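User: Please take a close look at one pair of packed helices in this chain. I should like each term to be explained as it arises.

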Amino acid sequence: MSSDISMGDSHSEDHHDLGFIRTYIFSTDHKMIAKQFLVTSLLFLALGGMLAAMIRWQLGFPGQPLPFNLGAILPDTMAPGGIILPEFYNSLVTMHATFMVFFALMPLMAGVFGNLLIPLQIGADDMAFPRINMLSFWITPVAGAIMLASFFVEGGAAGAGWTSYAPLSTSGEWTGVYLGQILWLVSLIVLGFSSITGALNYVTTVIAMRAPGMTWFRVPLATWSLFITAWLLLLAIPILTGGLILLLLDQTIGTAFFRPEGSGEPLMWQHIFWFFGHPEVYILILPAMGFVSEVIANRSRKPVFGYHSMVVAIVAIAFLGWIVWGHHMFQSGMNPFLGMSFMATTVVIAVPSAIKTFNWIGTLWKGDIHFDTPLLHAVSFVALFVIGGLSGIFLASAPVDIYLHDTYFIVAHLHYVLVGGSLFGIFAGITFWYPKMFGRMMNETLGKLHWGVSFIAYNLAFFPMHNLGVQGMMRRIYDPNQYEFLQSLQSTNTFISKSVFVFVSVQVLFAINFFWSMRKGKKAGDNPWDSNGLEWACPSPPPHGNFAEIPIVHRGPYEYSYPGREQDFWPQNEAPVESFGASTKPEHEHGE
Amino acid sequence: MSDAVTASIDRTPEPGMGVFNKKLGMWVFLLSEVMFFTSLIGSYIILRYAHPDHFAAPGELLNVNLTAANTFLLICSSVSMVKAFAAIQQGDLKGLQRWLLATILMGTAFVSVQAYEYIMLAHEGFLPALADYTAHAGGPLYGATFYVMTGFHGAHVSLGVLALIFVYIRALRGEYTVADHEGVEVIGLYWHFVDLVWIILFTIVYLI
């Protein structure tokens, strides 16, 4: 990988011959760790997608045996004769969400791009604590293995929903799942250490290891959003860990923190979970916002519209995320006055979100837009995030939520934000930074085809769910046909399922493109997108130690199409010509 | 890269918070620890307000005097940790070793007294589990919250003692100097944090 390491001087000379294990398996190099996270979390993404397809099979074709003789593979405790059992359906719903949230999206956001981009974009040679970074990755497969194992134990995998509400989750007598629920708890407790150690690294690295001249307001928005996300991880994950430990004690040694039969408080679990859970929502979306800002500015060859307001909006969203958790609990029995204050704080989040949306459109406005795959994904992100954001305002208002709570409207909303938002943002990020990771471009034709089919199938799958929700179809329901008033929705459900199958299948194109381009893609060169960030000032892929010498930063990251310049980009580390000889000081005194 | 211009420029990175990375990292880590203990303490406060009948009056079940003495011991260990750090700042390696050993011994004593307290309480039927709880005062929520909070604190002290032993071995090998004693400072931060958490726990669990 590091064939042209000739420029690696002081940073890399002691890293030359590390051998296979230290290079590819127990690597402390942030870029290798990013790639490890990428491969594992894409595998978990695929698994989550397959679970989703099985959920949709049951809803689209209830009571019919699974296609392709899948029933022969699954044991009779899951799907006898290929027909999914209600208990297994509960596990499917729970594990789909768990894998997607904790093992796919979170590592894709923070694990992959936090590791790849933070040191490169701030001009550092590696993370502050490379060995802790390695630990942070290796915890993930351990936690994943525990979670996967829970499918194969007696009683099956956890079935109390990814929120594991008490008292449903406190005892196996409600769900029929005993060991599976315990493994679910243990796995997430273990995984929490991965998030905390990762976040610890990101925060320290951004604060302490920025290159000379890289003032706070010259930091690219991807790193800004990952930095703020790291703070959310750092402060929110321990809350979840605490709650999970209490629930685990309820399950195992018989305490009664959340068990009403021992005067425990089931509602307290919801408070703990959502006090973590709402910052978690922003952990899952803020990094994507950062990637999209970078891609849109670069591909429209324009500075980000309102860079400062973008940064302020990220911080504002992250802050507001801490005081809105009650909007998940409007229907859990809440003082209406308290509900109203949660409703007000929630609706306020629309303001920074709208600022960001406005700025993205402002950046595109009259730009020299290059419609390649990263931009298409980024613009899709903006469009779908707006839809998800607007349905969020419906749900945020307590009176409306009374009707929509726990219906397919919420399923539509969260998938618009987490798939339409986060996942398309991740695709924008992967296609944009792929050349930096692997030194080769992804195939444009395959990329556009994957984007186009995904975008259409995605909307066909999830938009009709709003309607299902308004008609009263419950979230997590095994067979809606058991209610007469939902029977007329079966044709919509079948249509949604078919769209989901298209959406899931077309991801194979992405996988083919991903692996094919690694070997056969066009050579990328250092800076294939004519970008300004420091990550493009080093070779693709960067050698151990990244930069031949510490880069000096002279300007912000979005100086595209600067008037009077021949090139339409102006790298952050390019020395200003006029100051040659006149001033050798970096200008970070007036550095905003 | 534009070598000609950059060659003469000061190469120091942008200043962080004016502290070295490990210390900054420890501060950041301790913030996440604060949130962890907040979740446990918060649950305790909620349960205690919701079910005052489950919680005995101060001193009725728990041995406040014993734990007060134990608290004093832990505060003393914080002082000795400060003395250890002050010693190596002066380049006094012997002083560092002596005060580290004192800190380790007091930390170990604290955990031992806590273990003794647990055994005594368990004999009286003061247990975390709903089914086994037979103590004459309070209800099962009392035992559960007590053992979770003090237990996780005790685990933190134990880990701190292990880390201190590691630092002590390095000190015996003479690996710390006036110029380089980052490890002592970082473990010191952790130790003071654990001490501070205990003062809060002692107040809300034993005194109030």
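Analyst: The following account concerns the packing of two helices.

This is a predicted model, in which local features need pLDDT of at least 70, side-chain atom pairs count only at pLDDT 80 or more, and totals for chains, interfaces and linings use all residues. Residues are numbered from 1 along each chain as its sequence is written, and chains are lettered from A and ligands numbered from 1 in the order in which they are written.

Two packed helices are described by the angle between their axes and the distance between the axes. Helices are DSSP runs of H or I with at least four residues, numbered from the N terminus. Axes are lines fitted to C-alpha atoms over the stretch in contact, and angles run from 0 to 180 degrees between N-to-C directions.

In chain A, helix 8 (residues 221-252) packs against helix 11 (residues 307-320) at an angle of about 15 degrees, and their axes are 10 Å apart. Helix 8 of chain A is therefore roughly parallel to helix 11 of chain A, a term for angles under 35 degrees. The crossing of these two helices is right-handed, that is, the near helix is turned clockwise from the far one by less than a right angle.

Contact requires C-beta atoms, placed from the backbone, within 7 Å. From helix 8 of chain A, A:L221, A:W224, A:S225, A:I228, A:W231 and A:L232 take part, meeting A:M310, A:V311, A:I314, A:V315 and A:A318 of helix 11. Of the residues in this contact, 10 are nonpolar, 1 is polar and none is charged. Nonpolar covers Ala, Val, Leu, Ile, Met, Phe, Trp, Tyr, Cys and Pro, charged covers Asp, Glu, Lys and Arg, and polar covers the others, Gly among them.

Key
Parallel < 35°, antiparallel > 145°, perpendicular 65-115°, else oblique. Contact = placed C-beta atoms within 7 Å.
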